[in-house]
Amino acid sequence: AVTAQDFILTLLTLSNYGQNDHTPQIACLPLPSDSGSPVIQLRLAGEKRKHYEGRVEVFYNGEWGTVCDDDFSIYAAQVVCRELGYLDAESWAPSAKYGRGEGRIWLDNVHCTGAEKSLAQCESNGFGVSDCKHSEDVGVVCTQKRIPGFKFIKNHLLMLEGMTVQVEDVRIRATYSHRKRIPITEGFLEVKDGGKWRQICNEEWTEMNSRVICGMYGFPGEKRFNTRPYKLLAKRRKKNYWGFSVNCTGNEADLSDCKLGHEIELKGNNTCEPGMPVVISCVPGRAFAPSVSMGFRKAYRVEQPLVRLKGGAMIGEGRVEVLKNGEWGTVCDDNWNIQAATVVCRELGFGSAKEALTGARMGQGIGPVHMNEVLCSGFEKSLTDCYFNRDALGCSHEEDAAVRCNVPAMGFHKRLRLNGGRNPYEGRVEVLAERNGSLVWGTVCSDSWGTMEAMVVCRQLGLGFASHAFQETWYWQGDASADAVVMSGVRCSGTELTLDQCLHHGKHVLCPKGGGRFAAGVSCTQTAPDLVLSSQVVEQTTYLEDRPMYVLQCAQEEHCLSSSADKADSTSYRRLLRFSSQIHNNGQSDFRPRAAHHSWVWHECHRHYHSMEVFTHYDLMSLNGTKVAEGHKASFCLEDTHCDEGIQKRYECANFGAQGITVGCWDTYRHDIDCQWIDITDVKPGDYIFQIVINPNYEVAESDYTNNIMRCRSRYDGHRIWTYNCHIGETMTFG
């Protein structure tokens, strides 16, 4: 005999199959689908680093269980992701990558072709037949995009505990009075399900739910709002409610990680009585707020941040660094997850984390590893409030943790475009400017156009780092109607979010060369090198040498001595401050000289090519910053002297080979090489600052220029020199 409940369930299954549905099963007896396989429900669980990945869990026969990784394939991952409403699968992971599940292992030896509508239709040993342990639980990574028209079954008979919210899309729909504000921080919440936008009833809506929605849209927190105008508006508007409530704890990075609440009855005009549609109001981070007072107050004083992001191309992404005892250090990626990443993102005025990155994906840091095995609840005001292991033994910078945060939609990319390039990552820069009351596209004057300006363009367009800045673009056919120069005198520090935030001439354009063939251009890249000098090596190798002029002819030819050497007698001596410099490439791509092989300069005296005419500056300065001696280290021959274990050398100066520094390798200029010094013959005894700057003209793009400068204290008594307290980057201060 078939019960009424079984009959209804079977009808629902038959009527909805083939619409990318994922029909849950609550009856103890598994129901057959139209293809004869049981109806199951899926979810992604476990220790996640993205909200669209996780351990595959199956609801069958009234309980949740896992899937074994034996014989699992990308085709099976595709079936899982589509059944969950995602367009496709990116990859899958064996061996409990997302942690070990609990309960039954429902499926083992799963074989899918990729065409199945449900994982239950794939060949397997059968439900509950497995010889696996939870150490073999399989996980998948889905694409972020949802299937258009993806439908979630709405029937209280099919509700089950532990199901997560799965909808096609989510949006904050601003009222007409707020529509033009950027960013949109307030409005009715709508979810797209089955191709239709629907409101949610606010009867059981909580602040924790709002916190999660705000985080998804790039905002660190929610705020109160005036409900009266929304009530009036809701009365006039036609309502179309989604049939469920939502249960978020507040520490989820995305709505899809929240649990589905109970079903809300949808009965005519009485729907959601006495409630109204959910309204969301968020507070933006200071960088995105229309005014400073409206911006989110950071967890720490702005002038003394405890946490920062480094090495990222886009706003809101980078390697996580924390300040401890006046020294910046990194975070080890052991246990690094999306909750900890979200604490970092919110602390810095962004939304929740899109992704928690491991394995130095944003380049390797320098200095100490300050935190390890970080464990956050998600509600901490700062990462430094989370539990962590202070002992980072065994953690190297190869394990530096990083984040990608949700940032508000500011529409920055709509004010700028690249034209005429061979691919979307390069071209002439064209900006949208106001002229005579209307918006027109035009070019940018290339006077003073360089890497820093190009970096801002690539960031604004979401294209990564700049690989080159061009001052001539005649070989790129831009839009002829946009030939006129509308922006000139552009000077950027490199931290700006948009080109118009950089210094520029304003409405009065001044460009002697004109636009056209001399318009500014860029090429962008997803990865960049990052050169860092070893301060330890400099400290350990500094010494003085008195050297006769007659053995310094090559060095003088290359301008490696101070100007007084021009008049010096060949029998006289020069006093040289000598040291070794070891330059590591900690970035994500090789450091290559900008100049092509044919334009390198041959130095006959030293018998090698110089690929960069200005690569480092060596200076000795007084304590107030006045230069007292220069090293004139003008040119470099770049090569891999040594590499980390397992990395092959690629660049060698010998035999006029290719020049550069491979990721994970370093170029050592020993203290006994010509020009590896500062000529201090004319310097009086005293206390000084010894400074080295790599790539000082930003000739080659890097992911981080702040670590290109090293300063040390130096004491010279007329006979000996002491070098101590060497620091990389901005932490160096001398009182």
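**Exercise 1.** In this predicted model, determine whether W64 is buried or exposed.

*Solution.* The relative accessible area of W64 is 15%. Buried means under 20%, so W64 is classed as buried.

**Exercise 2.** Classify the ring pair formed by F59 and W64, and state whether F59 is buried or exposed.

*Solution.* Step 1: the ring centres of F59 and W64 lie 5.1 Å apart, and rings pair if their centres lie within 6.5 Å. Step 2: the planes of the two rings meet at 65°, and planes over 60 degrees apart count as edge-to-face. The F59 and W64 pair is therefore edge-to-face. Step 3: F59 has 6% relative accessibility and so counts as buried. By the ring-pair rule, the count comes to 17 aromatic pairs. Ring pairs also link F470, W474, Y475 and W476 into a cluster.

**Exercise 3.** Identify which rings lie beneath R171 and the charged end of R417.

*Solution.* R171 lies over the face of W197, at 4.0 Å from the ring centre. The charged end of R417 sits over the ring of W441, at 4.1 Å from its centre.

**Exercise 4.** Describe the open sheet that contains β28, β29 and β37.

*Solution.* Step 1: the three strands follow the order β28-β29-β37, and their pairing is antiparallel. Step 2: β28 (543-548) and β37 (677-679) are the edge strands, each pairing on one side only. Step 3: from one strand to the next, the twist averages 35°. Step 4: strand β29 (residues 573-578) is joined to β37 by three bridges. For L576, the bridge partner in β37 is D679.

Note on methods:
Residues numbered from 1 in each chain as written. Predicted model: local features only at pLDDT ≥ 70, side-chain atom pairs only at ≥ 80, totals over all residues. Heavy atoms only, no water. Pairing = 2+ DSSP bridges. Helix = DSSP H or I, 4+ residues; strand = E, 2+ residues; numbered from the N terminus. Axes fitted to C-alpha atoms, helices over the stretch in contact; angles between N-to-C directions. Phe/Tyr/Trp six-rings, centres within 6.5 Å; stacked < 30°, edge-to-face > 60°. Buried < 20%, exposed > 50% of the residue type's maximum accessible area, 1.4 Å probe, protein only. Lys NZ or Arg CZ within 6 Å of the ring centre and 35° of its normal.
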